[in-house]
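Please open the model in a viewer and follow the stops below in order. Each stop proposes a selection and then describes what is found there.

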Amino acid sequence: MRLFAIILNFLLLGIVGYLFIKHGPPKDNSGDALLVIFIIMVPLWNLIAHFGVKAPDNLLTLYIRRKILEEKRKIKQLSEEKK
């Protein structure tokens, strides 16, 4: 799903870039300038969030990691007791 969102963000930026090349930027006296700035900035913020911020682990991943560590600790204790 994350890859799909990244592809859509790049696609939207590409479409906006194509429209800028073909039609030029919007006129200052129209209200379209703010809309275009918003359409450009939202995908950029999304891409920064996708690439710049690591997603937190979900509860299932944390639970599995904890169980693995507990098992490793038990194995280490048993091997030390045998010595």
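Helices and strands are taken here as DSSP runs, with at least four residues for a helix (H or I) and at least two for a strand (E), numbered from the N terminus. The model shown is predicted.

**Whole chain, as a cartoon.** Select the protein chain and colour it by secondary structure: three helices and zero strands appear. Followed from the N terminus, the order of elements is α-α-α. The protein chain is more spread out than a compact globule, because its radius of gyration is 25 Å, well over the 12 Å that the globule rule gives for 83 residues. Aligned to the principal axes, the C-alpha atoms fill a box of roughly 80 × 20 × 15 Å.

**Whole chain, as a surface.** Display the accessible surface next. The protein chain exposes about 7500 Å², of which carbon and sulfur atoms supply 70%. Of the 83 residues, 10% count as buried.

**Charged side chains.** Select the positive and negative side chains as two sets: the protein chain has 13 positive and 7 negative ones. The centres of these two sets lie 5 Å apart.

**Nonpolar patch.** Which residues form a nonpolar patch on the surface? Select M1, F4, L8, L11, I15, Y18 and L19, which together have about 780 Å² of accessible area.

**L8.** Finally, centre the view on L8, a member of that patch. L8 lies in helix 1, which covers residues 2–23. Is L8 buried, partly exposed or exposed? Its relative accessibility is 40%, so L8 counts as partly exposed, the range between under 20% for buried and over 50% for exposed.

Terms used:
Residues are numbered from 1 along each chain as its sequence is written. Side-chain values use heavy atoms; hydrogens and water are left out. The radius of gyration is taken over C-alpha atoms; the globule rule is 2.2 Å times the number of residues to the power 0.38. Buried means under 20% relative accessible area, exposed over 50%, partly exposed in between (1.4 Å probe, protein chains only). Accessible areas come from the Shrake-Rupley method with a 1.4 Å probe; for residues, only the protein chains shown count as cover. Lys and Arg count as positive and Asp and Glu as negative; His and the chain ends are not counted. The place of a charge is taken as NZ of Lys, CZ of Arg, CG of Asp or CD of Glu. Patches are made of residues with over 30% relative accessible area and no salt bridge: like charges are joined within 9 Å, nonpolar side chains (Val, Leu, Ile, Met, Phe, Trp, Tyr) within 5 Å. A salt bridge is a side-chain nitrogen of Lys or Arg within 4 Å of a carboxyl oxygen of Asp or Glu.
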